[in-house]
Amino acid sequence: MTTLYEVYAIKYGHLDGRPPDALIEGADPHESTLGISYFIWLCIGPDGPVVVDLGFSEKTGTKRGRQVIRTPMAGLQAMGVALADVKDIIITHLHYDHVGNFDAFPNARFHLQDTEMAYTTGRDMTDERKRHFFEVDEVCAMVRHVYEDRVVFHAGDEELFPGLSVHHLGGHTAGLQCVRVFTRRGWIVLASDAAHLYRHFHDRLIFPNYHDADGVLAGYDKVRDLADSPDHVIPGHDPKVMEIYPAASEDLADIAVRLD
Ligand SMILES: [Zn+2]
């Protein structure tokens, strides 16, 4: 029997006024500016919480001109999650806004695609454009975690628990993975940066920083196939997610929404 999960998006940051061509390749720069939100995701199943991504650290966010509304850890704690109880963290990819804060989870293992580790420690990173969204200290930290038996590597599509699996996509980064999770409304896909905004996914637009543009497009087909409908695909940075879905509770308005 497949397990049911509760799934939440937790917002920890926001950035307004982005020029459209900073988010969408080929967009008219005169079009009105766009906002992006920053999320982590929480899946609650019978074996405890599974956290998807970790957001950026305050230090890195400040360095890159991004503001933290509240830390991702504070968001999780507001949801009643004790950080020491988090055993499994899925890292969709190693961009700075998905893998900071790893040191706040002393008992967690990090689930990562083989290809993401190879990508971020190899030849591709000699290209400034490709390495732009990685922090070398965070990549090095993940290498250290390997030597501490805290990284669980995945190759392609793998079930972590009944009702929760990871799926390699590539495209945006070589080892980008999404998460497919079974809920009371069916199979949801946490697309992360496979689709920054709904617009990327629905109109097959491309975020300007990528490893492989064809892989980005193939990723749209794969997340669509994995989800029960297009409405079951959750983009990684779309402010609309906070409007479409209901607050996780009255106290958590503008902090967390329930996606299932
Ligand atoms: Zn990214």
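These legends go with an overall view and several close-ups of a predicted model.

**Figure 1. The whole protein, with its 10 helices and 12 strands.** Let's start with the full chain before zooming in. Along the principal axes, the C-alpha atoms fill a box of roughly 45 × 40 × 35 Å. A compact globule of 260 residues would have a radius of gyration near 18 Å, and the protein comes in at 17 Å, so the two agree. Buried residues account for 45% of the 260 residues. If you take the contacts between residues at least 6 apart in sequence, 66% of them join residues at least 24 apart.

**Figure 2. An open sheet of five strands, in the order 7-8-9-10-11.** The pairing here is mixed. At the edges sit strand 7 (158-161) and strand 11 (233-235), each with pairing on one side only. Going from one strand to the next, the twist averages 25 degrees.

**Figure 3. Strand 10 next to strand 11, with helix 9 packed on the sheet.** Strand 10 covers residues 186-192 and pairs with strand 11 in the parallel sense, over three bridges. For one pair to look at, find Val189: its bridge partner in strand 11 is Val233. Helix 9 (residues 213-226) touches strand 8 (164-168), strand 9 (177-183), strand 10 and strand 11. The direction of helix 9 makes about 155 degrees with that of strand 10.

**Figure 4. Helix 7 and the loop that follows, home of Asp149.** Helix 7 (136-147) has 12 residues, which should span 16 Å at 1.5 Å a residue; the end C-alpha atoms are 17 Å apart, so the helix agrees with expectation. Just after helix 7 comes Asp149, with a positive phi of about 60 degrees, even though Asp149 is not a glycine. Most residues other than glycine have a negative phi. The loop holding Asp149 leads from helix 7 to strand 6 (151-154). Is Asp149 buried or exposed? Asp149 counts as exposed because just 8 other C-beta atoms lie within 10 Å, and the cut-off for exposed is 12 or fewer.

**Figure 5. Arg204, another residue with a positive phi.** Phi of Arg204 is near 55 degrees, and this residue isn't a glycine either. Where is Arg204 found? Look in the loop between helix 8 (198-203) and helix 9. Arg204 is exposed, with 12 other C-beta atoms within 10 Å; that puts Arg204 right at the cut-off, because exposed means 12 or fewer.

Methods
Residues are numbered from 1 along each chain as its sequence is written. This is a predicted model: local features need pLDDT of at least 70, side-chain atom pairs count only at pLDDT 80 or more; totals for chains, interfaces and linings use all residues. Two strands pair if DSSP finds at least two bridges between them. Helices (H or I, at least four residues) and strands (E, at least two) are DSSP runs, numbered from the N terminus. Axes are lines fitted to C-alpha atoms, for helices over the stretch in contact, and angles run from 0 to 180 degrees between N-to-C directions. Two residues are in contact if their C-beta atoms, placed from the backbone, lie within 7 Å. A residue is buried if 20 or more other C-beta atoms lie within 10 Å of its own, exposed if 12 or fewer, and partly exposed in between; C-beta atoms are placed from the backbone. The expected span of a helix is 1.5 Å times one less than its number of residues. The radius of gyration is taken over C-alpha atoms; the globule rule is 2.2 Å times the number of residues to the power 0.38.
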